[in-house]
Amino acid sequence: MCGIVGYIGHRKAYPIVLNGLKRLEYRGYDSAGIAIYDGKNLNFCKTKGKVADLESKLEAEIPIEGTIAIGHTRWATHGVPNDVNSHPHFSNSGDLVIIHNGIIENYEPLKQELKNRGYIFQSDTDTEVLVNLIEDVKKKEKVKLGKAVQIALNQTIGAYAIAVFDRNKPNEIVVARLGSPLAIGVGEDEFFIASDASPFLEFTKSAIYLEDGEMAVIRTHKDIKVRKIYDDSLVDPYVQELQMNLEQIEKDGYEHFMLKEIYEQPDAIRDTFRGRMLADQGIIKMAGIDDHIDKFVNAKRILIVACGTSWHAGLVAEYVFEELARVPVEVEYASEFRYRNPIIGQDDVVIAISQSGETADTMAAIKLAKENGAFVFGVCNVVGSSISREAHAGAYTHAGPEIGVASTKAFTTQITVLTLIALQLAKKKGKISTSEFHAHLKELEAIPEKVAEALTSNDHIEKIADIYKDSKNCLYLGRGFNFPVALEGALKLKEISYIHAEGYPAAEMKHGPIALIDEQMPVVVIATKKGHYEKVVSNIQEIKSRSGKIIGIVTKGDVDVRKLADHVIEVPETTEFLTPLLTTIPLQLLSYHIAVKLNRNVDQPRNLAKSVTVE
């Protein structure tokens, strides 16, 4: 859950690494640091705070010349965020310097053993243990840095992406990964290292993504050597061409990435079904499904594993799959799934959902499912990510880079992919007629324009946000397909405004939460015309009679809820199972505007990181 960046080549390294850290700050932003080698000295600077804090401190304190540098932006695991615990970390001799994303689980016994050998530790981190372990191996075994890294990593338990530099051999950087992503950009006589490709997009479109359990020695004027950490065997690295462009990771005039990504949803949804759905011809073509359709048709049940927003998308999918394809679906928190000794059979299909494709808990759930013989289908956004490689088959969402920590377009594009799968399966199993299938495709094709229409309520929503920005609590209610949307709306408010919020099925109000209702309690109710409309109106009346403040998300032209609610936000009408793609839009905007009015850091909310690569 940290960002690592490195450069070795002929350019000035400092601006490349610094800008790379700014692009990776979504991965961690409680401290940052850079080490720069200028041909003679290894200069470094690190600080608690954001990359901007590092920039001002660094340029005032150390030389920034040099063509080799490594940098890090941290999300704290071991040790509080402070200057000492910030990366990079040095070995006791000062010769080796390391940056690290991940957790070394057995660092305590390793640390004690190193202490017994005379090593002294300055920080509370597991990373300082690792760099000293590498140094100890290097001295004892009298081996080069690459071999020392390999031997040391075979003594560790945990997850990592690391970059290690030796001041005594200043023409190389050694990198390795297990469970945390690592990309190597390949240029002309230069190499870039990063947690994802965004730091080096303007310099090269060629990248190597290390696989789990691989390490590489990166030298100037030489080819990269990739080896297996476990047995030292050579690997022929696959160099792939990046499809991402620089404009996708810039704000493009928006105040925040989150707002930009909310407004990108019409295009993101369209891009997700583009080439897969031919509505005029009544065709869905998805290679990952078509090539394994028997697995889906014959599945006794579908298990969906995910975390956070992706889990909410999975809950929507549960309703959609059971409604259309009539197949039992269970949705599991990936973090719980792996630890509760689940019953998994060879007739199960496991769908793993993750925006980043690197979520540690979801990866572990995939491995457990495969060990038990289940077919695993991955849904993620990042090409070449760990989940896309670990699953038997899968589908990308094509949402484009999502930089804001609070997911928005990831949610709607995941629902889009899962809906396509459900429709294809329903048609194949004969659960819906050809005419129904065609009608559903037409309605899905119209969703991007309807999302764009929902976005036109932005100014109205901002005024509502101004009224409720100082609320201490908020409830979100929905029924059926929109119950998961209520959960997601509450999560968004919690994530970026720090206001306590909870989502419930609307009918559950009278089973406890209604005790919270008073004149200070805003209640967001999703009350679209399709589904259990009359029941939801009754729930609204129950809230109104107890003086709760009601914000209704309603179908365009609604009359009944308008009479009861303090505020209404309209969305276009659509088929019931597609309503989550529309009702989530005003909830995203409401959370965004409340957070802005509270002066929160919308793109980088406290204590959160975008890519959760640790348990």
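Leaving aside its neighbours within four places in sequence, which residues is phenylalanine 321 in contact with? In this predicted model, the list is Ile302, Arg326, Val327, Val329, Ile351, Leu418, Ile421, Ala422 and Leu425. Phe321 also belongs to the largest nonpolar core, which has 90 residues. Along with Ile351, Phe377 and Tyr476, Phe321 is among the residues with the most contacts inside that core. Helix α14, residues 409–428, supplies the largest share of the core, ten residues. A second core is separate and has 32 residues. Leu18, Ile34, Ala69 and Tyr209 are included in this second core.

The sheet comes next. Five strands make up an open sheet, and their pairing is parallel. Their order is β19-β18-β20-β21-β22. Strands β19 (329–333) and β22 (393–396) form the edges, and each pairs on one side only. From one strand to the next, the twist averages 20°. Strand β21, residues 375–380, is joined to β22 by four bridges, and the two run parallel. Within this region, glycine 378 has glycine 394 of β22 as its bridge partner.

Helices pack on these strands. Helix α12, residues 360–371, packs on the sheet and touches β18, β20 and β21. The direction of α12 makes about 165° with that of β20. Helix α10, residues 308–324, lies across β18 (301–306), β19 and β20 (348–354). The angle between α10 and β19 is about 175°.

Notes:
Residues numbered from 1 in each chain as written. Predicted model: local features only at pLDDT ≥ 70, side-chain atom pairs only at ≥ 80, totals over all residues. Heavy atoms only, no water. Pairing = 2+ DSSP bridges. Axes fitted to C-alpha atoms, helices over the stretch in contact; angles between N-to-C directions. Contact = heavy atoms within 4.5 Å. Core = buried A, V, L, I, M, F, W, Y, C linked by side-chain atoms within 4.5 Å. Buried < 20%, exposed > 50% of the residue type's maximum accessible area, 1.4 Å probe, protein only.
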